[in-house]
Amino acid sequence: MAASTYKLTYFNSKGLSEGIRFIFAYADVKFEDFRFERPDWAALKEKQPYGTVPVLEVDGKQLTQSVAICRFLGKRFGLVASDPFTEALLEALVDNIRDALTKLMQAFHNKTPETEKASKEALTFVLSKIENLATEGYFYGSKATWVDIYFSGFVESMRDHEPAFLDPYPNLKALVDRIKNKDSVQKYIKQRPAPMPHAH
Ligand SMILES: N[C@@H](CCC(=O)N[C@@H](CS)C(=O)NCC(=O)O)C(=O)O
């Protein structure tokens, strides 16, 4: 069977897509990294199934939602847990990060002392919880899964705003370093465009 073709459409920024790009890089699988600038969005928006990005085209078929995309690629590339319950624990971990992210976005769009406090607290809370789940190298064990890579992509975006934000969490820091130190991930990092954290 011929290898699939993949095209990822997203703003020219890390945002919700760096985890997806990292999964391709980690698995060393080729993909088209289609990045666009803000003025091009209006025309592109109507071509997306739900009017948002990221969108991954797999052999010409469109898939939306960053986490669904990561989960799909994880399954495709064998980057999943060895049993369904551990996989469910990993998915819950992602959902917990996304809950904190929702508060972060609320603070971003409506910056008040209250929203900023709620967002900081939510993020600190989830990071301190998952720090204890990465004691064997990766989340829930010694095998890297799409969730470790998704998390590493999320950290990349966060570090553009706050470089030291993972410093209080040595297990999480080591996990991200393990993912980023893979040769194929380093190769991707060296050739990606310079950060544009406020592109959208
Ligand atoms: N839950 C979705 C959120 C998608 C989303 O809101 N994407 C933003 C960019 S980060 C977007 O498309 N914004 C432009 C718009 O809504 O017009 C996911 O994780 O993929």
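User: In which loop does Asp28 lie?
Analyst: This is a predicted model, in which local features need pLDDT of at least 70, side-chain atom pairs count only at pLDDT 80 or more, and totals for chains, interfaces and linings use all residues. Residues are numbered from 1 along each chain as its sequence is written. Helices (H or I, at least four residues) and strands (E, at least two) are DSSP runs, numbered from the N terminus. In these terms, the place of Asp28 is the loop between α1 and β2 (32-36).

User: How many other C-beta atoms lie within 10 Å of Asp28?
Analyst: Asp28 has a positive phi of about 60° although it is not a glycine. A residue is buried if 20 or more other C-beta atoms, placed from the backbone, lie within 10 Å of its own, exposed if 12 or fewer, and partly exposed in between. Asp28 is partly exposed because the number of other C-beta atoms within 10 Å is 13.

User: Asp59 also deserves a look; what is its phi?
Analyst: The place of Asp59 is in the loop between β3 (55-58) and β4 (61-64). With 10 C-beta neighbours inside 10 Å, Asp59 counts as exposed. Although Asp59 is not a glycine, it has a positive phi of about 50°.

User: Which residues does a cis peptide bond join?
Analyst: The bond in question has an omega of about 10°. One of its partners, Pro54, lies in the loop between α2 (41-45) and β3. The residues joined by the cis peptide bond are Val53 and Pro54.

User: Which residues come nearest to the ligand?
Analyst: A residue is near a molecule or strand if its C-beta atom, placed from the backbone, lies within 6 Å of it. Ten residues surround the ligand, and by class this shell has four nonpolar, five polar and one charged residues. Here Ala, Val, Leu, Ile, Met, Phe, Trp, Tyr, Cys and Pro count as nonpolar, Asp, Glu, Lys and Arg as charged, and the others, Gly among them, as polar. Those that come nearest are Leu16, Thr52, Val53, Gln65 and Ser66.

User: How far apart do the C-alpha centres of domain 1 and domain 2 lie?
Analyst: Domain bounds come from an automatic or database domain assignment. For the protein chain, the assignment gives domain 1 as 6-77 + 184-191 and domain 2 as 84-180. The separation of their C-alpha centres is 20 Å.

User: Which element gives the most to the side of domain 1 that touches domain 2?
Analyst: Two residues are in contact if their C-beta atoms, placed from the backbone, lie within 7 Å, and the contact takes 15 residues from domain 1 and 13 residues from domain 2. On the side of domain 1 that touches domain 2, the elements that give two or more residues are α1 (18-27), α3 (66-76) and α8 (183-191). The residues of this side divide into eight nonpolar, three polar and four charged. With six residues, the element that gives the most is α1.

User: How many of the ten residues of α1 are buried?
Analyst: Among the buried residues of α1 are Glu18, Arg21, Phe24 and Tyr26. The helix is largely enclosed by the rest of the structure, because of its ten residues the number buried is nine.

User: Which element gives the most to the largest nonpolar core?
Analyst: A nonpolar core is a set of buried Ala, Val, Leu, Ile, Met, Phe, Trp, Tyr and Cys residues joined through C-beta atoms within 7 Å. Of the 38 residues in the largest one, Ile20, Ile23, Trp146, Val147, Ile149 and Tyr150 touch the most other members. Domain 1 and domain 2 both give residues to this core, so it lies between them. With seven residues, the element that gives the most is α6.

User: How far apart are the end C-alpha atoms of helix α4?
Analyst: The buried residues of α4, which are Leu90, Leu93, Val94 and Ala107, pack against α3, α5 (113-131) and α6 (146-161). The expected span of a helix is 1.5 Å times one less than its number of residues. The 26 residues of α4 (residues 84-109) should therefore span 38 Å, which agrees with the separation of the end C-alpha atoms, 37 Å.

User: What distance separates the C-alpha atoms of Arg178 and Tyr138?
Analyst: The place of Arg178 is in helix α7. With 16 C-beta neighbours inside 10 Å, Arg178 counts as partly exposed. Although Arg178 and Tyr138 are 40 residues apart along the chain, their C-alpha atoms are separated by 8.8 Å.
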